[in-house]
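Trainee: I would like to learn how to read the packing of a fold from its coordinates. Could we take the features one at a time, with the general idea before the case?

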Amino acid sequence: MEERPRDVRLLPKAHLHLHFTGSMRPATLLELADRYGVHLPDALGSGEPPKLRATDERGWFRFQRLYDIARSVLRTPDDIRRLVSEAAQEEAADGSGWLEIQVDPTSYAPRLGGLIPALEVILDAVRSASRDTGVGMAVVVAANRTRHPLDARTLARLAVRYRDQGVIGFGLSNDERRGLARDFDRAFSIARRGGLLAAPHGGELSGPGSVRDCLDDLHATRIGHGVRAAEDPRLLRRLAEREVTCEVCPSSNVALGVYDKPELVPLRALYDAGVPIALGADDPLLFGSRLAAQYELARVSHGFTDAELAELARQSVRASTAPPQVRDTLLAGIDDWLAGGAAAVRDPRRP
Ligand SMILES: [Zn+2]
């Protein structure tokens, strides 16, 4: 009998790169837009992922505009709770046992009564969703690098204040071609001194220099994307030696035109150099695929064997901030998946 491949949705893993609005189900976007009378452009309303190309400023602006429109349908605490609950359900279906969701609460503050209430609503939603689904969850508060560095410092202080209530990291997102990483060094130093993990975006739209800036100026312990480090072998060695994990999001890279096709995402180059990788979906709402699909892509487009997929999953868990018990359970589950053969293959009669 021919052996069927193991189901990547059953492979336990951690998800370390998922943005808040970007995690929304397309059907939820349509429903909420309808409820609030938000006109969705065709690119968002068709049910198909939009065609994007963000390698020039105009393309990135268009991506941000679509993201802003999608975010504008999240208006009440109930909307926030629904989004987080559905994201957690999707994670569970994809075999994720630990999710670190990234959010800039500034964007939700005006509708939710300010920065603090917005973050509290989000953290409360995360606790409920985690309880209901069994998926462990935590929050990375991310500053926006197109805003003033003082705003980032305010967010870093806020993030530290909520460290014991579900915030585990501090990030920096948006167009890395704008501004300098070092403008945000004070914010990251507040976050690090407060015990938070530093996980800025770098090495996506800009080259290896932006990854070096994240290491040198922000003392990053993880890099959002980081794929462009593949252009510099010395930098790859440095990431490997320091065990700085790159949160690689292959579908996002292809959707935004960072690479023309999945085969060109330098997943192999990073993996073979010993750089720890945590595969991520980034913004499934806009890129059309979730976490398990990234593992499937590694298998189909890069020839990762099941043993290598298991190793990718282990790397995602090790780079996470999951508590020891969650970590041990996930790592044991990964070994079981690999050892399990038929048990790791989903029954085709079940959804
Ligand atoms: Zn991202």
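Mentor: Bear in mind throughout that this is a predicted model. A useful start is to ask what covers the buried residues of a helix, and for helix 7 the cover includes strand 3 (136-144), strand 4 (167-173) and helix 8 (185-193).

Trainee: Which are the buried residues of helix 7, and why do they line one face of the helix?

Mentor: An α-helix has 3.6 residues a turn, so residues three or four places apart point the same way. In helix 7 the buried residues are A152, L155, A156 and A159. Seen down the helix 7 axis, these buried residues fall within an arc of 105 degrees, so they line one face of the helix.

Trainee: What should the 13 residues of helix 7 span at 1.5 Å a residue?

Mentor: The expected span for helix 7, residues 149-161, is 18 Å, and its end C-alpha atoms are 19 Å apart, which agrees.

Trainee: What does the same reading give for helix 3, and which of its residues are buried or exposed?

Mentor: Helix 3 (residues 57-71) has 15 residues and reaches 21 Å from its first C-alpha to its last, close to the 21 Å expected at 1.5 Å a residue. Its buried residues are W60, F63 and A70, and because they fall within an arc of 80 degrees when seen down the axis of helix 3, they line one face of that helix. On the other side of helix 3, the residues E57, R58, F61, R65 and D68 are exposed. The cover over the buried residues of helix 3 includes helix 1 (26-36), helix 2 (42-45) and helix 13 (284-287).

Trainee: Turning to the sheet, in what order do the seven strands lie, and is the pairing parallel or antiparallel?

Mentor: Strands of a sheet pair through backbone hydrogen bonds, either parallel or antiparallel. Here the seven strands form an open sheet in the order 1-2-3-4-5-6-7, with parallel pairing. Strand 1 (13-19) and strand 7 (245-247) are the edge strands, each of which pairs on one side only. On average, neighbouring strands of this sheet are turned by 25 degrees against each other, direction ignored. Helix 7 packs on the sheet, where it touches strand 3 and strand 4, and its direction makes about 160 degrees with that of strand 3. Helix 8, in turn, lies across strand 3, strand 4 and strand 5 and runs at about 145 degrees to strand 5.

Trainee: How many bridges join strand 4 and strand 5, and why is strand 5 described as largely enclosed?

Mentor: Strand 4 and strand 5 (residues 197-202) pair in the parallel sense over four bridges; along this pair, G169 stands opposite L197 and L172 stands opposite P200. Six of the six residues of strand 5 are buried, so the strand is largely enclosed by the rest of the structure. From strand 5, L197, A199 and H201 point one way, A198, P200 and G202 point the other way, and all are buried.

Trainee: Which residues touch the most other members of the largest nonpolar core?

Mentor: In soluble globular proteins, nonpolar side chains tend to be buried together. The largest nonpolar core here has 111 residues, and those touching the most other members are I122 and V139. Helix 6 (residues 115-133) gives the largest share of this core, eight residues. Leaving aside residues up to four places away in sequence, V139 touches I101, V103, I122, L123, V126, G166, V167 and I168.

Trainee: Where is a positive phi found in a residue other than glycine, and what surrounds that residue?

Mentor: One case is H225, whose phi is near 80 degrees and which lies in strand 6 (residues 222-225). H225 is buried, with 26 other C-beta atoms within 10 Å. Not counting residues up to four places away in sequence, H225 touches H201, G202, G203, E204, C246, E247, V248 and C249. H225 and C249 are 24 residues apart in sequence and 6.3 Å apart in space, C-alpha to C-alpha. Another case is H219, with a positive phi of about 50 degrees, in the loop between helix 9 (208-216) and strand 6. H219 is partly exposed, with 15 other C-beta atoms within 10 Å.

Note on methods
Residues numbered from 1 in each chain as written. Predicted model: local features only at pLDDT ≥ 70, side-chain atom pairs only at ≥ 80, totals over all residues. Core = buried A, V, L, I, M, F, W, Y, C linked by C-beta atoms within 7 Å. Buried ≥ 20, exposed ≤ 12 C-beta atoms within 10 Å, placed from the backbone. Helix = DSSP H or I, 4+ residues; strand = E, 2+ residues; numbered from the N terminus. Contact = placed C-beta atoms within 7 Å. Expected span 1.5 Å × (residues − 1). Arc of directions from axis to C-beta. Pairing = 2+ DSSP bridges. Axes fitted to C-alpha atoms, helices over the stretch in contact; angles between N-to-C directions.
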